[in-house]
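This report looks at how a bound molecule and a metal ion are held by the protein around them. Please keep the structure in view while reading.

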Amino acid sequence: MKTLITNGTVVNATGTAEADVLINGETIAAVLAPGSALLGFDVASNVDRVIDARGKYVIPGGIDAHTHMEMPFGGTFASDTFETGTRAAAWGGTTSIVDFVVQYAGENVLDQYALWHQKAAGNCAVDYGFHQILSDVQDSSLTAMDELLNEGVSSFKLFMAYKGVFLSDDGQIVKAMQRASENGSLMMMHAENGSVIDLLVQQAIERGDTSPYFHGTTRPWQTEEEATHRAIMLANLTGAPLYIVHVSAKQAVEQIALARDRGQNVFAETCPQYLYLSLEEQLGASSNQWGDFEGAKWVCSTPLRSRAEGHQHHMWQGLRTNDLQVISTDHCPFCMKGQKDMGIGNFSKIPNGIGSVEHRMDLIYQGVVMGEISLPRWVELTSTTPARMFGMYGKKGVIQPGADGDVVVYDPNGHTSIGIGEGRTHHMNMDYSAWEGFEIDGHVDTVISRGKVIVDGNQYLGSKTDGKYFKRGLSQYLI
Ligand code: DUC
Ligand code: ZN
Ligand code: ZN
């Protein structure tokens, strides 16, 4: 199958160009001067399908490098399976995800890795790779880090919070970092000071401060800044490259910027919720159905931060100055009924997570509309840098000959109403939307995954067997 996308504006991280894109089979074969004539040869009449992208952007498929499909967490499972979550990703113009294999303390890392393959194989609408979570860093975990590298898992996530569940102590962190500095892999860090948070949570519950709002106030920015600084120091000690996940506090960005200015290999992502949503809005949220428990819809960790303190503004700035390099979702959805409602009367029992995998490309495009970032920066943050950061670049994250035919045609004159109520849509397996009411000046028109059109206007043409496991290499982003 040969497809020609014609008349569009191709947007790469490096800039824009009026060009036609020829996809042959699963691969981009050529990026051509407009008019689809090559040395007198009329390309358009020699392909199977022509997609007219006049007035539209032609971008590399989105890469969401932080998802948790069907993650076991908080006494339940994230409500999107690989099947429903990757289909929702496809609808939103994301053609690759990197999901986290979970290893809880006491579990064997390689067994868990095999289990995640079982869950995902044959159930993914788009391509997928894996990071590995390490909870207790045993000697066998260190050997597993080497073995997993050969399997295309080149990044490992540790937690400084969630004692008894995920938390690694500083000694364990250093052990894993030492191995990463030897084998070239990337350490990812959930940077929150867990023991301080546990204390503040216990005190809040004892005071009777039990509503979802107190999830945020018991995880103050100081706990994020301190853990971010500590993680940076431990990485500095060991020489391991470090990637801080889901940054939400401006003070954490400042720590990251300081380390980068020193020349240290420190990187970070933020997520749409930390750009658009705030603690004040969570406090004000209330509905007939849920009362002030409505705020549970936005319980995630790190938490939403205060708008009055300026965190959201600072996140956009960090994205412009490249102190933050990636936007992922931390997609970890839970329904209000039967999942989040486990925390009525005690916010600490609310499963942590927000679902956004479907909306990331639209929400960040809105940042272009608002003048926060440029058009090429949109592509860089959502596709090109995730590809480079996690060892996929060349095949993913760019429109160039030889790359996978993962392409999105995006209509800047289209419109997307996000949500779940009348006239609104989402395809994630959730009974609410954290983004209800958001209006986007743009629309994902066509989504092509390795040469196959999987979304065409308002029609889904893909299947759960379209996605393939992607073996990743070492990070291509080191300073
Ligand atoms: N944060 C969340 O909100 N959910 C899953 C795990 C995490 O770190
Ligand atoms: Zn985390
Ligand atoms: Zn996460």
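## Terms and model

In sorting residues by character, Ala, Val, Leu, Ile, Met, Phe, Trp, Tyr, Cys and Pro count as nonpolar, Asp, Glu, Lys and Arg count as charged, and the others, Gly among them, count as polar. The model discussed here is a predicted one.

## The shell around ligand 1

By that sorting, the residues of the shell around ligand 1 comprise five nonpolar, five polar and two charged ones. The residues surrounding ligand 1 are F73, K157, F159, Y162, H190, H246, C300, S301, D330, C332, N352 and G353, and the space that ligand 1 takes is the largest cavity.

Two contacts involve nitrogen atoms of the ligand and the protein backbone: a polar backbone atom of S301 is 2.7 Å from a nitrogen atom of ligand 1, and a backbone N or O atom of N352 lies 2.9 Å from a nitrogen atom of ligand 1. On the side-chain side, a polar atom of H246 lies 3.5 Å from an oxygen atom of ligand 1. Of the 240 Å² of accessible area that ligand 1 has on its own, the protein covers 99%.

## The zinc ion, ligand 3

D330, listed in the shell of ligand 1, is also a donor to the zinc ion (ligand 3), together with H66 (NE2) and H68 (NE2); D330 contributes through OD, and these protein donors lie 2.0 to 2.2 Å from the ion. Along the chain, the donors follow the spacing H-x1-H-x261-D. Because H66 lies in strand β10 (residues 62-67) and D330 in the loop between β19 (326-327) and α12 (360-369), the pair ties together parts that are 264 residues apart in sequence. The zinc ion (ligand 3) is separated by 3.8 Å from the zinc ion (ligand 2).

Technical notes: Residues numbered from 1 in each chain as written. Chains lettered and ligands numbered in written order. Predicted model: local features only at pLDDT ≥ 70, side-chain atom pairs only at ≥ 80, totals over all residues. Heavy atoms only, no water. Near = heavy atom within 4 Å. Polar contact = N/O pair within 3.5 Å; in protein donor to acceptor, adjacent residues only side chain to side chain. Areas by Shrake-Rupley, 256 points an atom, 1.4 Å probe, with all protein chains shown as cover. 1 Å grid on protein atoms, 1.4 Å probe; cavity = no way out; pocket = protein on both sides within 12 Å on 5 of 7 lines; lining within 4 Å. Sits in = over half its atoms within 2 Å of the grid points. Donors = N, O, S within 2.8 Å, 3.2 Å for Na, K, Ca; no water. Helix = DSSP H or I, 4+ residues; strand = E, 2+ residues; numbered from the N terminus.
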